[in-house]
Amino acid sequence: MSFISSDIAFAEKALTAGELVAIPTETVYGMAGNGFNESAVKQIFKVKNRPFYDPLILHTNSIEKLESWGLKIPEVLQPLAKAFWPGPLTLLIKKSAQVPEIITSGLDRVAVRIPSHATTLDLLSRLPFPLAAPSANPFGYVSPTTPEHVAVHFEGKIAMVLDGGPCNVGIESTIVGIENGKPTVYRLGGLSIERIESVVGKVQVNTSSSKPSAPGMLSKHYSPNKEIVTVDSITELRKIETRKTAFILFDLKKDVPPAKLIQLSLTSDHDEAAQKFYDALRHWDNDESITRLVIERLPDFGLGRAINDRLLRAAAK
Ligand code: TXA
Ligand code: MG
């Protein structure tokens, strides 16, 4: 069998045997292992070179299964689960005794999500345990949105990549928990604040990176290996020297050779930009003729906010 395969039964067997399988989701590919099997979970940290203080998300296919493991969605968050699961939403809820400490890095909340991807929902429905799955990239690097993105780093190191094609949201899930009794967003992601607020009203946003054990928001993350310059306006863009430089643009137009330009959307579509964003970063990172990437910030609404957040962290020194 080839490393990238759509053989769900094989994935099921490997995961049941405690091995790792990269799985497709609508957001990004995940590096999955049995979330109740400590040695499988340890292996996830190991292949990703991920520090143990960065906790993992548990994935499953139904709220009933979560409940059977003692994981209850608090009332404040239930409308979100109802409206957006399966989908790019992760909820931080009270941990139960069945969840190993290694999953939560010792915190008393656990992150849970029902992803929206037919192949993975099929796989999850066959498994009596949840899948712990961080993004399937080496720690700190750009997240994977195609099976090939996973294969370049992990071929030979895990059982397989379950092929689900390119991810159609393209950035990680939005993480929501409760603070002072109110829904609070800890990581901006594939579900926009506007959509969340359309269901539960105004929410707090707390994506600070001061505490690395708090929702996954290390200030340096999602980083390609090139210098990154961000631009907001045509004036800034015109000043940029084009030598050894490639461009990822959204609305702005600049006279650069098409071979040095990726336009994230031709119709100012934030969702389309999110879908293409990580692939664009990886594309230029693999191009040895360039040393610098010029990337346009998006208008700060919809998924533009999440993309700008990733951009800031990717550009952090
Ligand atoms: O879209 C996604 O969420 C993808 C796909 C595969 O589902 N997964 C993903 O996982 O982005 P990861 O590990 O790359 O990012 C999850 C973040 C972590 O950085 C972590 O800090 C935060 O979620 N997190 C997980 N459990 C937490 C907890 N108990 N308390 C606070 N933050 C938590
Ligand atoms: Mg990640």
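Colleague: How do the residues lining the second largest pocket divide by class?

Modeller: Sort each lining residue as nonpolar, polar or charged. Here the split is three nonpolar, five polar and two charged. Bear in mind that this is a predicted model.

Colleague: Which residues line the second largest pocket?

Modeller: The lining runs through N168, V169, G190, L191, S192, R195, H270, D271, G302 and L303. R195 and D271 are the charged pair, because Arg and Asp count as charged. G190 and G302 go with the polar residues, because Gly counts as polar.

Colleague: What volume does the second largest pocket have?

Modeller: About 160 Å³.

Colleague: Now the cavities. How many of 30 Å³ or more does the structure hold?

Modeller: A pocket is open, whereas a probe in a cavity cannot get out. The structure holds one cavity of 30 Å³ or more. The largest cavity has a volume of about 50 Å³.

Colleague: Which residues line the largest cavity?

Modeller: T174, L188, G189, L191, S192, I193, E194, G302, L303, R305 and A306. Compare the two lists. L191, S192, G302 and L303 line both the largest cavity and the second largest pocket.

Colleague: Let us turn to domains. Which stretches does the domain assignment give?

Modeller: Domain 1 covers 4-85 + 94-167, and domain 2 covers 227-315. Their C-alpha centres lie 30 Å apart. Domain 1 brings 11 residues to the contact, and domain 2 brings six.

Colleague: What area is buried between domain 1 and domain 2?

Modeller: About 710 Å², with 51% of that from carbon and sulfur atoms. Then look for the main contributors. On the domain 1 side, Y141, V142 and H149 supply 61% of the area buried against domain 2. No other three residues supply more.

Colleague: How many salt bridges and polar contacts are counted between the domains?

Modeller: Take the two counts separately. The salt bridge count is zero. Five residue pairs are in polar contact, both residues at pLDDT 80 or more.

Colleague: Which classes make up the side of domain 1 that touches domain 2?

Modeller: Six residues there are nonpolar and five are polar. None is charged. A salt bridge needs Lys or Arg paired with Asp or Glu, so the zero count fits a side with no charged residues.

How values were computed
Residues are numbered from 1 along each chain as its sequence is written. Chains are lettered from A and ligands numbered from 1 in the order in which they are written. This is a predicted model: local features need pLDDT of at least 70, side-chain atom pairs count only at pLDDT 80 or more; totals for chains, interfaces and linings use all residues. Side-chain values use heavy atoms; hydrogens and water are left out. Domain bounds come from an automatic or database domain assignment. Contact means heavy atoms within 4.5 Å. Buried area is the accessible area (1.4 Å probe) that two parts lose on being put together, summed over both. A salt bridge is a side-chain nitrogen of Lys or Arg within 4 Å of a carboxyl oxygen of Asp or Glu. A polar contact is a pair of N or O atoms within 3.5 Å; within protein, one must be able to donate a hydrogen and the other to accept it, and residues adjacent in sequence count only if both atoms are side-chain atoms. On a 1 Å grid over the protein atoms alone, a cavity is a set of points where a 1.4 Å probe fits but cannot get out, and a pocket is an open set with protein on both sides within 12 Å along at least five of seven lines; lining residues have an atom within 4 Å of a point. Grid points are joined across faces, edges and corners, and a volume is the space filled by probe spheres set on the points.
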